[in-house]
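Hi,

Here is the structure I said I would pass on to you. Have a look at it first, and then read my notes underneath.

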Amino acid sequence: MSIRRTTKAARGAVAMASAVGLALVVAGCGGGDGGTKETDGDKPPARSTAPKDSGPGSPAADSDKVIGEMKGPDGVVVTLHSVVRDSGGFVTVNGTVSNHGNRAFNAIDWRSNETELRSRSSISGATLVDKAGKKRYLVLRDTNGECLCTTGLSGLMPGASRPIFAQFPAPPAKVTQVDFQLPTLPPASVQITD
């Protein structure tokens, strides 16, 4: 095969890949919202990688149910609603962070110390602690190194609340009591449900 044919074939492959990529981008941009977007004052939109599956293995958190509460500095309160073990070997903690203070809250201190994480405003520093088994469980990561937890927790204005979640590897089935910990807050002892 000549160099001319090879170059021509390579250009065709690049053009095809570009066309496929452009088609995927255009398809992903369609939202069907008519171009209107509601905003909530000056609050930036929260980016969350919350689990979308609400099947039997991962029930939605009941925000009226309170199983634990953690009060931090400057009026920040984390209310825990559920800690659920699913059949896939994970434990998902669901809760709400509320700002009862008088200035904006940024979750910069709640992130882990890992330098690979892109989001600097997440709860990636959360842990589950099995005191009896003397084990600490860290927030899971996806294949890109991002935490399986709430991200985009910056600029939480006074009086505002946002849902949070974090997924952990499940402790052994016999472990039902753990401490949920976030940096700068006291731990909350919680019961794992199935």
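Below is what turned up, going from the overall layout to single residues.

Before anything else, please keep in mind that this is a predicted model.

**Overall layout**

The chain has one helix and eight strands. If you walk along the sequence, you meet them in the pattern α-β-β-β-β-β-β-β-β. There are 194 residues in the chain, and 35% of them are buried. I also looked at how far apart in sequence the contacting residues are. Taking the contacts in the chain with a separation of 6 or more, 61% are between residues 24 or more positions apart.

**The core**

The largest nonpolar core is made of 32 residues. Val78, Trp110, Phe168, Phe180 and Leu182 are the ones with the most contacts inside it. Which strands each supply at least two residues of this core? They are β2 (76-85), β3 (90-99), β6 (161-169), β7 (177-181) and β8 (188-191). The biggest share comes from β2, which gives four residues.

Val78 is a good place to zoom in. Setting aside the neighbours within four places in sequence, Val78 touches Gly68, Glu69, Met70, Thr96, Val97, Trp110, Ile164, Leu182 and Leu185. Two of those names, Trp110 and Leu182, are also on the list of residues with the most contacts inside the core.

**Aromatic pairs**

How many aromatic pairs does a search of the whole structure find? The answer is two.

One is formed by Phe105 and Trp110, and it is tilted, at 5.0 Å centre to centre with 55° between the planes. Phe105 counts as buried because its relative accessibility is 15%, and the cut-off for buried is under 20%. Trp110 is buried too, with a relative accessible area of 1%.

The other pair is Phe168 with Phe180. Their ring centres are 6.3 Å apart and the planes are at 80°, so this pair is edge-to-face. Phe168 belongs to strand β6 and Phe180 to strand β7, so the pair ties together parts that are 12 residues apart in sequence. Are these two rings buried or exposed? Phe168 is buried, at 0% relative accessibility, and Phe180 is buried as well, at 1%.

**A pocket to look at**

The second largest pocket has a volume of about 200 Å³. Its lining consists of 13 residues, and those nearest its centre are Pro73, Asp74, Val76, Phe105 and Asn106. By type, the lining splits into seven nonpolar, three polar and three charged residues. You will recognise Phe105 here as the partner of Trp110 in the tilted pair.

**Two backbone oddities**

Asp74, which you just met in the pocket lining, has a positive phi of about 60° although it is not a glycine. Asp74 sits in the loop between β1 (68-71) and β2. With 46% relative accessibility, Asp74 counts as partly exposed.

Thr184 is another non-glycine residue with a positive phi, in this case about 75°. You can find Thr184 in the loop between β7 and β8. Thr184 also has 46% relative accessibility and counts as partly exposed.

If you want a route through the model, you could start at Val78 and its contact with Trp110, go on to Phe105 through the aromatic pair, and end at Asp74 in the lining of the pocket.

Cheers

How values were computed. Residues numbered from 1 in each chain as written. Predicted model: local features only at pLDDT ≥ 70, side-chain atom pairs only at ≥ 80, totals over all residues. Heavy atoms only, no water. Core = buried A, V, L, I, M, F, W, Y, C linked by side-chain atoms within 4.5 Å. Buried < 20%, exposed > 50% of the residue type's maximum accessible area, 1.4 Å probe, protein only. Contact = heavy atoms within 4.5 Å. 1 Å grid on protein atoms, 1.4 Å probe; cavity = no way out; pocket = protein on both sides within 12 Å on 5 of 7 lines; lining within 4 Å. Points joined across faces, edges and corners; volume = space filled by probe spheres on them. Nonpolar A, V, L, I, M, F, W, Y, C, P; charged D, E, K, R; others polar. Phe/Tyr/Trp six-rings, centres within 6.5 Å; stacked < 30°, edge-to-face > 60°.
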